[in-house]
Amino acid sequence: MKSLKAVLASCKTIHQALQIHAQAVVTGRHHHPFHMAPLISFFATNHLHHSHLLFSQIPNPDLFLFNFLIRAFSLSQTPHHALSLFRSMLSSSPPISPDSFTFPFLFKSCAKLSLSKLALQLYSHVIKTGFDSNVFVLNAVLHFYFAFGDVHNACKVFHESSVRDRVSYNTMINGLVRAGRADCSLKVFGEMRGNRVEVDEYTLVALLSACSSLEDRGTGRVVHGLVYRKLGCVNENELLMNALVDMYAKCGCLEVAERVVSCGNGKSGVAAWTSLVSAYALRGEVEVARRLFDQMGERDVVSWTAMISGYCNSGCFQEALELFVKLESLGMEPDEVAVVAALAACARLGGLELGRRIHRKYDGASWRCGTHRGFTCAVVDMYAKCGSIDTALDVFSRTRDDMRTTFLYNSILSGLAHHGLGEHAMAVFEEMRLLGLEPDEVTFVALLCACGHNGLVNDGKRLFESMLSVYGVSPQMEHYGCMVDLLGRAGGLDEAYYLIQNMPFRANAVIWRSLLSACKEHGDVTLARLASQELLAMEHDHGARNVLLSNMLILMDKHDEAASVRKAVDDVGIQKPPGWSYVEINGVLHKFLAGDTSHPEAKATELMLRNIHMGLETIGHVISA
DNA sequence: GTGGAACGTT
């Protein structure tokens with residue numbers, strides 16, 4: 001008689017397997033772990049739920065069966081089942097203790113479910129029971145520390161461990177690269193070589209990723225040499241080929257990257273092509289990127305996202321959104337990254353209706369690798385940039401504390417700043433501090449900008465002074481710019497000028513322009529001349545500042561000087577690139593230039609604008625030129 | 001009769 005395993009191996013359909021199960025029930029073998037294991041294992045690949053059902057009918061499952069199912073669930077989309085199985089394993093009578101097989105699967109489940117506390121509890125159990133000297137357990141611990149972003153403890157455990165193998169090194173190198181510490185990963189690789197541990201394809205892929213993120217083509221070439229020595233010129237590993245192409249693409253060697261793709265005997269896959277698309281788009285050659293994108297044999301969500309982001313990077317937001325809508329219409333499920341890119345494009349175009357549609361559609365989405373943190377941030381940013389600050393605040397306030405990040409606070413703070421809600425911004429910042437989130441450079445730009453727009457001079461000064469001393473963020477050019485603007489608007493022109501003279505770097509055009517417009521506002525001709533001289537001496541020309549300067553001189557009744565500035569502008573032939581504006585009305589995107597009268601409803605628009613102006617002036621606003 | 005780690009998009 002054939003063994004059950006042999007019979008199952010020849011099963012072609014689920015029905016045949018179910019018949020075998022029925023037979024086991026008839027012969028009374030369905031209660032025995034030993035007899036049921038092959039059936040449970042048969043269903044585990046595609047019908048895990050059924051395996052679980054069979055398992056639950058066994059009165060006394062053994063450690064092996066528990067481990068088997070815990071493993072299967074830890075790899076599945078529902079890893080929490082692995083943890084409940086573990087609980088029932090501990091509480092069965094007699095209780096079953098986990099072994100070195102159990103722990104790695106539990107850690108994997110914790111990592112997938114972001115249960116860092118549980119993982120740490122389990123780890124202390126591992127140490128107590130001595131399983132930390134098992135290399136499989138160690139590697140799983142390293143993996144979960146990296147998954148939780150705890151690079152420090154991963155390194156600590158790795159360096160203090162007495163057992164290490166090739167996988168430990170690979171996990172370290174890969175984890176460090178993904179944590180943005182590619183430089184450290186190369187050091188670990190040095191240790192690996194020093195300890196005469198052989199490299200394998202996992203090592204090589206991780207090293208190529210390190211070179212990609214460091215844009216270190218020299219080391220990249222050395223690793224390419226290692227690949228060649230290890231595997232010869234033709235290789236069968238698609239992931240490795242892709243990593244190689246990506247390395248050359250990220251290092252700017254696009255020609256070499258393309259050569260690797262074409263010499264790869266068709267072994268390089270979607271990822272390699274996606275790297276090329278993204279590299280060309282980043283270089284500003286969107287047309288080339290699009291041609292490659294259209295030529296690709298196979299395209300997945302990531303390739304579409306690369307092209308969409310590529311358009312965004314080159315300022316082609318309309319093309320980006322067209323591609324996103326096409327992606328949806330093809331029935332492909334965009335991931336968090338794609339949706340974030342589309343929302344960013346909406347934000348830049350003022351596409352409120354499309355943005356709102358995207359927000360509603362993906363609000364409850366359950367993304368495989370998504371955290372929803374990026375999504376929330378992009379949604380808040382989109383509403384704020386589209387002028388709907390109330391909706392932005394609404395989404396923000398309904399966001400759970402553990403979903404709040406510095407980035408999210410930066411989005412809402414910038415929104416509040418641009419909407420002139422300075423006091424509200426200060427209150428939100430206070431809330432951010434209480435939550436223990438650390439502000440970064442962007443936070444302070446938003447805050448100082450908010451203070452500037454609302455005349456909160458003392459708050460602004462206090463914040464600026466606390467940046468480095470309290471928060472460890474050193475002020476950049478933008479922050480000085482905000483301060484010059486803040487002081488200038490409040491009439492503190494001398495203080496602003498003093499700040500410019502005492503900055504650690506030379507002021508840029510933005511700063512001088514901001515001082516110039518403050519001079520205009522407060523009628524300081526001497527400082528205005530000084531600022532405009534600085535501006536004219538700057539290399540990269542910008543027509544707007546001269547227009548501003550001549551406007552100012554006209555307002556100050558210095559028509560002769562104004563005329564000479566205008567003439568200087570005309571003589572040099574300074575041209576300001578046209579600034580396109582976009583507005584979305586009822587889902588239709590309208591594009592126009594300043595002074596553009598080509599739109600069919602230009603007259604009506606002009607009339608409405610005049611009404612708004614008059615309304616603003618009636619309630620006491622001063623409209624500057 | 002069960003183990004581990006890997007590529008491309010923000």
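**Figure 1. A salt bridge near the end of a helix, Asp485 to Arg489.** At 48% relative accessibility, Arg489 counts as partly exposed. In this predicted model, the side chain of Arg489 meets that of Asp485 in a salt bridge, with 2.8 Å from N to O. Where do the two partners sit along the chain? Both belong to helix α29 (residues 477–489), and because they are 4 residues apart there, about one helical turn separates Asp485 from Arg489. As a bit of background, side chains of opposite charge can pair when their charged atoms come close.

**Figure 2. Helix α28 has its own salt bridge, between Arg462 and Asp459.** Here the N-to-O distance is 2.6 Å. Helix α28 covers residues 457–471, and the two partners lie 3 residues apart in it, about one turn of the helix. How open are they to the outside? Arg462 is partly exposed, with a relative accessibility of 48%. Asp459 is partly exposed too, with a value of 22%.

**Figure 3. Stay on helix α28 and look for Ser466.** This serine is part of α28. Is Ser466 buried or exposed? Its relative accessibility is 15%, so Ser466 counts as buried; the cut-off for that label is under 20%. Now find the backbone oxygen of Leu463: a polar atom of the Ser466 side chain lies 2.8 Å from that oxygen.

**Figure 4. Glu160 and Lys156 pair up on helix α10.** Their closest N and O atoms are 3.8 Å apart, and the pair forms a salt bridge. Helix α10 runs over residues 151–160, and because Glu160 and Lys156 are 4 residues apart in it, they are separated by about one helical turn. Glu160 counts as exposed, at 59% relative accessibility. Lys156, at 41%, counts as partly exposed.

**Figure 5. Three residues share a network of salt bridges.** Which residues take part? Look for Glu328, Arg357 and Lys361, which are linked in this network. To put these close-ups in context, a search of the whole structure turns up 19 salt bridges.

**Figure 6. Helix α18 has a buried side and an exposed side.** Helix α18 takes in residues 286–295, and its buried residues are Val286, Ala289, Leu292 and Phe293. Why do these four share a side of the helix? They cover an arc of only 125° around the axis, and that puts them on the same side of α18. Turn to the other side of α18 and you meet Glu287 and Gln295, which are exposed. So what covers the buried residues? The cover includes α16 (254–263), α17 (270–282), α19 (301–313) and α20 (317–329).

**Figure 7. Ser275 is tucked into helix α17.** You'll find this serine in α17, and its relative accessible area of 12% means that Ser275 is buried. Which residues touch Ser275, once neighbours within four places in sequence are set aside? Its contacts are Asp246 and Ala249.

**Figure 8. DNA strand B meets the protein.** How many residues surround this strand? There are 41 residues around DNA strand B, and the ones that come nearest are Phe64, Ser100, Lys108, Asn139 and Arg178. The residues of this surface divide into 14 nonpolar, 17 polar and 10 charged. Now flip the question: which parts of the DNA does the protein come within 4 Å of? Of the strand B atoms within 4 Å of the protein, 34% belong to sugar or phosphate, and the rest belong to bases.

**Figure 9. Three side chains come up to the bases of DNA strand B.** A polar side-chain atom of Asp165 lies 2.7 Å from a base nitrogen of the strand. For Asn237, a polar side-chain atom sits 3.1 Å from a base nitrogen. Thr305 has a base oxygen as its partner, 3.5 Å from a polar atom of its side chain. Which elements give two or more residues to the surface near DNA strand B? They are α5 (63–75), α9 (135–147), α11 (166–178), α13 (201–214), α15 (238–250), α17 and α19.

**Figure 10. Zoom out to place the close-ups in chain A.** Chain A holds 35 helices and 2 strands. Of its 625 residues, 44% are buried. Take the contacts in chain A between residues at least 6 apart in sequence: 58% of them join residues at least 24 apart.

Terms used. Residues numbered from 1 in each chain as written. Chains lettered and ligands numbered in written order. Predicted model: local features only at pLDDT ≥ 70, side-chain atom pairs only at ≥ 80, totals over all residues. Heavy atoms only, no water. Buried < 20%, exposed > 50% of the residue type's maximum accessible area, 1.4 Å probe, protein only. Arc of directions from axis to C-beta. Contact = heavy atoms within 4.5 Å. Salt bridge = Lys/Arg side-chain N within 4 Å of Asp/Glu carboxyl O. Near = heavy atom within 4 Å. Polar contact = N/O pair within 3.5 Å; in protein donor to acceptor, adjacent residues only side chain to side chain. Nonpolar A, V, L, I, M, F, W, Y, C, P; charged D, E, K, R; others polar.
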